Amino acid sequence: MLSVLVPVYNYDIRALVTMLHEQLSRSQIAFEIICLDDCSKKDIRTINTEIEQLQYTSYQLSNINVGRVATRQALAEHASYDWLLFLDADVMPKSEHFISNYTSLLSSDNEAIYGGFAYHTKQPKEDYILRWTYGTSNEQVSALKRNQTPYKIVISANFMITKALFLKLNSQINQRGYGYDNYFGALLKNNKSRIFHIDNEVYHLGLEPNESYLHKIEQSVDTLLKLENNKNIQDTENDLYNLYKGLKKLRLHYLFSYVYRIFKNSFRKQLLSSKPNISLLQFYKLSYICYQDLNS
């Protein structure tokens, strides 16, 4: 009845899978847990194989690293049931009723259900503060607000979706990289998919170092620009994309590109500090996409 799918890359998933298995067992529904390792380090693969002691649970290995999109596609194709619950390896359900909150909606007429993201209130070390600050301000959003613009915040780390819809949309993403959640949201919107947001968060545990996360942000902007150049995105609720398109229409992207070129080092210094300004981060992303558009 429910296939729980976890793409894995260099992360210990034993605690996550154990919690999920306990809740699924109490739910008294037919289930399976499939974890697909995208060529992690040997020591990670070794410890994670312990989860196969749990009933209806498998840990599969890939011999090459294929990326998140392809790993999720492979998981979905291998799944036995019509509903899929995708969870990233570096999350932990916030509620002891996490599974039942989802399974109570299996008979609804929705095609995709997003549970949301949460962060622990205790600040991490300074080297990891950028990811935490951005997450608490931009990703930790109530279901009430998310449902107002349902295709805007579609975080692939925690969502349930019909197998048929996922395979239909995810198969249209034929490149690997970071930042394809925005595209998946646009595909959901273009398809007029029935999606619903609930308050059923997972804690995001795998915070990246500041420099690594800033690089990932730049990668996600590069992905957005590539999708625009290839005319893959026609309609989206992504704020950055819509602002960029507005600036370009007014030919103001030349000014923002110039600002990025002159001040990028100052911007980066502030964003990599112990007190990153998220408003500045949003401006950085906007000026960066304008610069990349004109110089790549």
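Buried means under 20% relative accessible area, exposed over 50% and partly exposed in between, with a 1.4 Å probe and protein chains only. The exercises below concern a predicted model, in which local features need pLDDT of at least 70, side-chain atom pairs count only at pLDDT 80 or more, and totals for chains, interfaces and linings use all residues. Residues are numbered from 1 along each chain as its sequence is written, and side-chain values use heavy atoms, with hydrogens and water left out.

**Exercise 1. Helix α3**

State which residues of α3 are buried and what covers them.

Step 1. Helices (H or I, at least four residues) and strands (E, at least two) are DSSP runs, numbered from the N terminus.

Step 2. In α3, the buried residues are Val69, Thr71, Arg72, Gln73, Leu75 and Ala76. Their cover includes β1, β2, β4 and α7.

Step 3. Take threonine 71 as one case; this residue lies in α3, which spans residues 68-78. Threonine 71 has a relative accessible area of 2% and is therefore buried. Contact means heavy atoms within 4.5 Å. Apart from residues up to four places away in sequence, threonine 71 touches Pro7, Leu36, Asp38 and Val66.

**Exercise 2. Two loop residues**

Determine whether serine 80 is buried or exposed, and do likewise for valine 154.

Step 1. Serine 80 sits in the loop between α3 and β4. With a relative accessible area of 52%, serine 80 is exposed.

Step 2. Neighbours within four places in sequence aside, serine 80 contacts Ser3 and Glu32. Between serine 80 and threonine 49, 31 residues apart in sequence, the C-alpha to C-alpha separation is 21 Å.

Step 3. Valine 154 belongs to the loop between α6 (143-146) and β8. Its relative accessible area is 7%, so valine 154 is buried.

Step 4. With neighbours within four places in sequence set aside, valine 154 is in contact with Tyr114, Asp181, Gly185, Leu188 and Ile195. Tyrosine 183 is 29 residues from valine 154 along the chain, and their C-alpha atoms are 9.7 Å apart.

**Exercise 3. The sheet**

Describe the strand order of the open sheet and the helices that pack on it.

Step 1. Two strands pair if DSSP finds at least two bridges between them. The open sheet has seven strands in the order β3-β2-β1-β4-β8-β6-β9, and the pairing is mixed.

Step 2. At the edges stand β3 (57-61) and β9 (195-197), each of which pairs on one side only. From one strand to the next, the twist averages 20°.

Step 3. Strand β4 (residues 83-87) pairs with strand β8 (residues 158-162) in the antiparallel sense, over five bridges. Phenylalanine 86 is opposite phenylalanine 159 of β8.

Step 4. Helix α1 (residues 14-27) packs on the sheet and touches β1 (2-8), β2 (31-37), β3 and β4. The direction of α1 makes about 165° with that of β2. Helix α7 (residues 163-170) also packs on the sheet, touching β4 and β8, and its direction makes about 100° with that of β8.

**Exercise 4. Two helix pairs**

Classify the packing of α5 with α9 and of α11 with α12.

Step 1. Two packed helices are described by the angle between their axes and the distance between the axes. Axes are lines fitted to C-alpha atoms, for helices over the stretch in contact, and angles run from 0 to 180 degrees between N-to-C directions. Angles under 35 degrees count as roughly parallel, over 145 as roughly antiparallel, 65 to 115 as roughly perpendicular and the rest as oblique.

Step 2. Helices α5 (residues 129-139) and α9 (residues 210-229) pack at about 55°, with axes 7 Å apart. These two helices are therefore oblique to each other. Ile129, Leu130, Arg131 and Tyr134 of α5 meet Asn210, Tyr213 and Leu214 of α9.

Step 3. Helices α11 (residues 253-271) and α12 (residues 278-295) pack at about 130°, and their axes are 8 Å apart. So α11 is oblique to α12.

Step 4. Contacting residues include Phe256, Ser257 and Tyr260 of α11 and Ser287, Cys290 and Tyr291 of α12.

Step 5. Serine 257, in α11, is buried, because its relative accessible area is 7%. Not counting residues up to four places away in sequence, serine 257 touches Ser287, Cys290, Tyr291, Leu294 and Asn295.
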